[in-house]
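Hi,

Here is the structure I promised to pass on. Have a look at it first, and then read my notes underneath.

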Amino acid sequence: MTTESRTLPDHGMSLAEAISCLSDYDPRALPVSRVREIVERVVAPVEAVERVAIRSALDRILAEDLVSPIDVPSHDNSAMDGYAVRAADLAADAPTRLRVAGTALAGAPFTGRAGPGEAVRVMTGAVIPDGFDTVVIQEVVRVEGDQVEIPAGQQAGQNRRLRGEDLACGKPALRAGKRIAPADLGLMASLGFAEVPVRRRLRVAFFSTGDELRSVGEPLAPGEVYDSNRYTIWGMLTRLGVEVIDMGVVRDDPESLERAVRIAAESADAIVSSGGVSVGEADFTRQVMNKLGDIAFWTIAMRPGRPMAFGKIGSAAYFGLPGNPVAVMITFYFFAREALLRMMGAEHEALPFVRARSQTAFRKRPGRTEYQRARLFREAGGAMSVRSIGSQGSGVLRSMSEANCIVVLHHGQESVAVGDEVDCIAFDGLL
């Protein structure tokens, strides 16, 4: 495996430059849409590219367009088992009898000569002999010795796959930014590629902060809790396909935090922390982060997950997520996820909404975006419906396990009544 660095056209702005693009910037009440704009402008794709064997390319991000060196299919071939004929030989309103001159199999073309008034038996995938332009399926013909009777009503060119129909030589088979799926491996192999260029795996370091946190397996003293956030963050990062660096629990003191952040910035492209960014908690966190990098601390107009920090420490992007377990997941999925995909060089679109009729009333005031955990289901008639799973507290992690979607109540939206339609984002494919 070889690695090379390349200069890409899209480089990230500084945090100050990204913020200066906004006329309504208010770090004490920042809308979700503005947070996304800033983050999108600051992060940029990793530049290193590797060439890997195609069996090592699954779930990697394609670094360059993959151009087909051949036509696919390489010859006109039969899409069905049947008989290759000349459309000009067929009567329009009566059966036509033709002599069978031979057989063509997939991988064993017909090598004889066949002229007007003759047909060639062909199997699916077999090369259609020169001069023949139509395939008649075997189920509709009648065969007697070396004669085949073709019924009227055939269409010229039917059941024939043309050379280059799937992919023409010189055309892109896969575009840069594609996350390579199993079907893509097959496509690469069909084109003869043994190796393909992919982006280097993004390296993401993560840690939790808090003196009250204990690792799984340790006994709990009064006031202590198990560190669940590291496990959910590990799972979310692993699902993205990044290289994960688990730095454990960092204690609530400036020296420990500074040491952890320095190590993370030296070893990773991005850093994700949980806890320590809320008002009152963030005093020394703010001092340490501002000493080490260019960091903004925001109060976002959303629920759950109001506090968040973001910026750059050296060349590493930093995402300071809240401490409550549900808020960690929501801020990761709606801010960090898209940013990390961009850093990976992956093509990505905004998470798709599913419109559903709400079976639950949701209280909501305009001026913030709310993310409600819910169950999305299809009714007997086919319409989509959704209902709340109950408690929406940001510390109730069980609710994320019970839900299968998030109901997104937008910034300017008001309360939702039973029967109203709402936007949902399904967990399938996200989690």
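Below is what I found, starting with the domains and ending with the backbone.

A quick caveat: this is a predicted model, so local features need pLDDT of at least 70 and side-chain atom pairs count only at pLDDT 80 or more, while totals for chains, interfaces and linings use all residues. Residues are numbered from 1 along each chain as its sequence is written, and side-chain values use heavy atoms, with hydrogens and water left out.

The domain assignment gives domain 1 (15-48 + 201-344), domain 2 (51-65 + 171-199), domain 3 (77-161) and domain 4 (354-429); such bounds come from an automatic or database assignment. The centres of domain 3 and domain 4, taken over C-alpha atoms, are 58 Å apart.

Now the packing. The largest nonpolar core (buried Ala, Val, Leu, Ile, Met, Phe, Trp, Tyr and Cys residues joined through side-chain atoms within 4.5 Å) has 56 residues. Buried here means under 20% relative accessible area, exposed over 50% and partly exposed in between, with a 1.4 Å probe and protein chains only. Ile38, Phe310, Phe319, Phe332 and Leu340 have the most contacts inside this core. Helix H7 (residues 325-344) gives the most to it, 14 residues, and domain 1 and domain 4 each supply at least three. Another core, apart from that one, has 20 residues, including Ala268, Met289, Leu292 and Ile295.

Helices and strands are DSSP runs numbered from the N terminus (helices H or I, at least four residues; strands E, at least two). The axes of H4 (residues 229-240) and H7 come within 11 Å and cross at roughly 30°, the axes being lines fitted to C-alpha atoms over the stretch in contact, with angles from 0 to 180 degrees between N-to-C directions. That makes H4 roughly parallel to H7. Angles under 35 degrees count as roughly parallel, over 145 as roughly antiparallel, 65 to 115 as roughly perpendicular and the rest as oblique. Phe332 touches Met236, Leu237 and Leu240, among others, leaving aside residues up to four places away in sequence; contact means heavy atoms within 4.5 Å.

Finally, the backbone. Two peptide bonds to look at are cis with omega near -5°: Val72 to Pro73 and Arg303 to Pro304. Pro73 sits in the loop between strands S3 (66-67) and S4 (77-78), and Pro304 in the loop between S20 (302-303) and S21 (307-313). Asp59, not a glycine, has a positive phi near 70° and is partly exposed at 41% relative accessible area.

Cheers
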